[in-house]
Amino acid sequence: MTTPPAPAYSLSPAGAEALAECFGDRYRTAPEDLAHWGRDWTRSFPVAPSAVVFPESEAEVQTLVQLARTHGFKLVPSGGRTGLSGGAVAPAGEVVVSFDRMNKVLAFDPAGRLLRCQPGVVVAEVAARAQAEGLYYPVDFASAGSAQLGGSVATNAGGIKVIRYGMTRNWVAGLRVVTGAGDVLELGRGLVKDNTGYDLKQLMIGSEGTLGLVTEVTVRLTSPPGPLQVLVLALPAFPDVMNVLATFERAVPVTAFEFFSDLALEKVVARGDLSRPFAEAAPFYALIEFEGAEDAALDAFEHCLEAGWAQDGVLSQSGEQAARLWRLREDISETISAWTPYKNDIAVPVAAVPEFLAAVDDRVKAAYPDLEVVWFGHIGDGNLHLNILKPDNVSQEAFYARCHQVSPEIFAAVQALGGSISAEHGVGLLKKDYLHFSRSDAERALMQGLRRCFDPDGVLNPGKLL
Ligand SMILES: Cc1cc2nc3c(=O)[nH]c(=O)nc-3n(C[C@H](O)[C@H](O)[C@H](O)COP(=O)(O)OP(=O)(O)OC[C@H]3O[C@@H](n4cnc5c(N)ncnc54)[C@H](O)[C@@H]3O)c2cc1C
């Protein structure tokens, strides 16, 4: 952790008084509260908010924005704080806006299959409520038990089912937001059809709290898939993973296609409550979740074995076994967080994944011969997570400085393949300096202009994204 700089944005005595009057005991400044709500899952940025507030209604959010404009303080929206790009970090005297108290499911519309929620509802609760109604909310990721719906909209979260169901934006039917100008916008209204000009709802999704504060989200639900099974394959060589993907996509409805390296598996099983799925280790593993059609999946597996693309496989025989196989993949992020990894969340066109991984793996091994590098990701949608683990004997600053030096080379390789430097975690503080690798000068200028339209005084999440 670096030493916090002097706060760049101060909260004046008059601003503090106004907040205390408006929020009562929901305005907090105790050091432990500031440390807790001032950061997200990243641990590499200084944390120094002036205060944290807990609004309970849209009207209070609107008042808060007006107070920020009047008194000149800045706001950092904060959801479940599971973000991996520093988007919810308050490093410089901002006021954190926690949506923890706006956590109610407001209404279910069975005809439209719509669920209207406050932003602080946890993503897993949306899925549970959908299930209780005989329906399905298909956005799922390892931190869904803590991430909030508002945060998942602000980051356009992806996760493990994107190959079949797409990102969060595919499931948002309506939004209510308070802009940085203090206006309340109702966007989408749950309509299936609405061709009335620019789609501001889609603009808001993935904007990382820089255009507006999300105060209500209406998500569309769908029919649940049939019974799902999980197959984990041991892969002798990475380039063949795309042949495996194509084979399975032809054979069965694939709902997830994930991969992880042997080092990732080693770290997860070392925690003690899971065991290796195969007697013989392989350099890489693929986890394939599919709907029904076990015979077709076994034929596809045989084909992969005969072609030499897979060396072994294990198929779940029960829901419980499927869940344990999933944990081999889903527990990776949390397991390696003990090493405060330097994370890269990158995407390239699906067909280019093997070429990209080979090139970057060579580069990374040359740059970090002494460091452990863990690969995993949602490979079915071209999304790779490259994690460099910090050794115990190196300081956070020295480690990050070293990793930062290599990042531009990795991003140049991403750019050359037409990829993205942030597939699903967002830009936040972490990728801000590298945005030009994915967005042109003209695009960034337009983004700046849009930001000024929605937030003329720059009160929302300053210093993030752009
Ligand atoms: C173990 C682990 C696994 C993960 N796996 C995935 C994955 O597979 N796919 C994926 O996409 N992400 C993943 N993430 C990242 C993270 O969980 C997602 O980005 C999630 O959507 C963040 O939600 P949150 O509520 O925690 O947001 P926060 O971290 O609190 O905030 C994220 C951003 O949203 C803004 N924000 C929060 N609430 C609001 C609001 N109401 N209005 C406006 N802006 C708001 C914040 O300012 C910030 O910029 C993972 C994280 C962890 C720790």
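How many residues surround the ligand, and which are the closest? Let's find out by clicking through this predicted model.

**Stop 1: the ligand.** Select the ligand and show what lies around it. You should find 38 residues surrounding the ligand, and the closest are Gly79, Gly83, Gly87, Gly150 and Gly151.

**Stop 2: the pieces of the shell.** Now colour by helix and strand. Strand S3 (75–78), helix H5 (149–154), strand S9 (212–220) and helix H12 (332–336) are the elements that each give two or more residues to the shell around the ligand. Pick out H5 next: with 4 residues, H5 supplies the largest share of that shell.

Try colouring the shell by residue class, too. You'll see 19 polar, 14 nonpolar and 5 charged residues around the ligand.

**Stop 3: the domains.** Zoom out and give each domain a colour: domain 1 is 13–101, domain 2 is 105–220, domain 3 is 228–333 and domain 4 is 340–425. Keep the ligand in view, and look at domains 1 and 2: the shell around the ligand draws at least three residues from each of them.

**Stop 4: where domains 1 and 2 meet.** Hide the rest and keep this pair. Their C-alpha centres lie 22 Å apart. Across the boundary, 16 residues of domain 1 are in contact with 21 residues of domain 2. On the domain 1 side, select helix H3 (residues 58–71), which gives the most to this touching side, with 6 residues. Colour that whole side of domain 1 by class and you get 7 polar, 5 nonpolar and 4 charged residues.

Notes. Residues are numbered from 1 along each chain as its sequence is written. This is a predicted model: local features need pLDDT of at least 70, side-chain atom pairs count only at pLDDT 80 or more; totals for chains, interfaces and linings use all residues. Domain bounds come from an automatic or database domain assignment. Two residues are in contact if their C-beta atoms, placed from the backbone, lie within 7 Å. Ala, Val, Leu, Ile, Met, Phe, Trp, Tyr, Cys and Pro count as nonpolar, Asp, Glu, Lys and Arg as charged, and the others, Gly among them, as polar. A residue is near a molecule or strand if its C-beta atom, placed from the backbone, lies within 6 Å of it.
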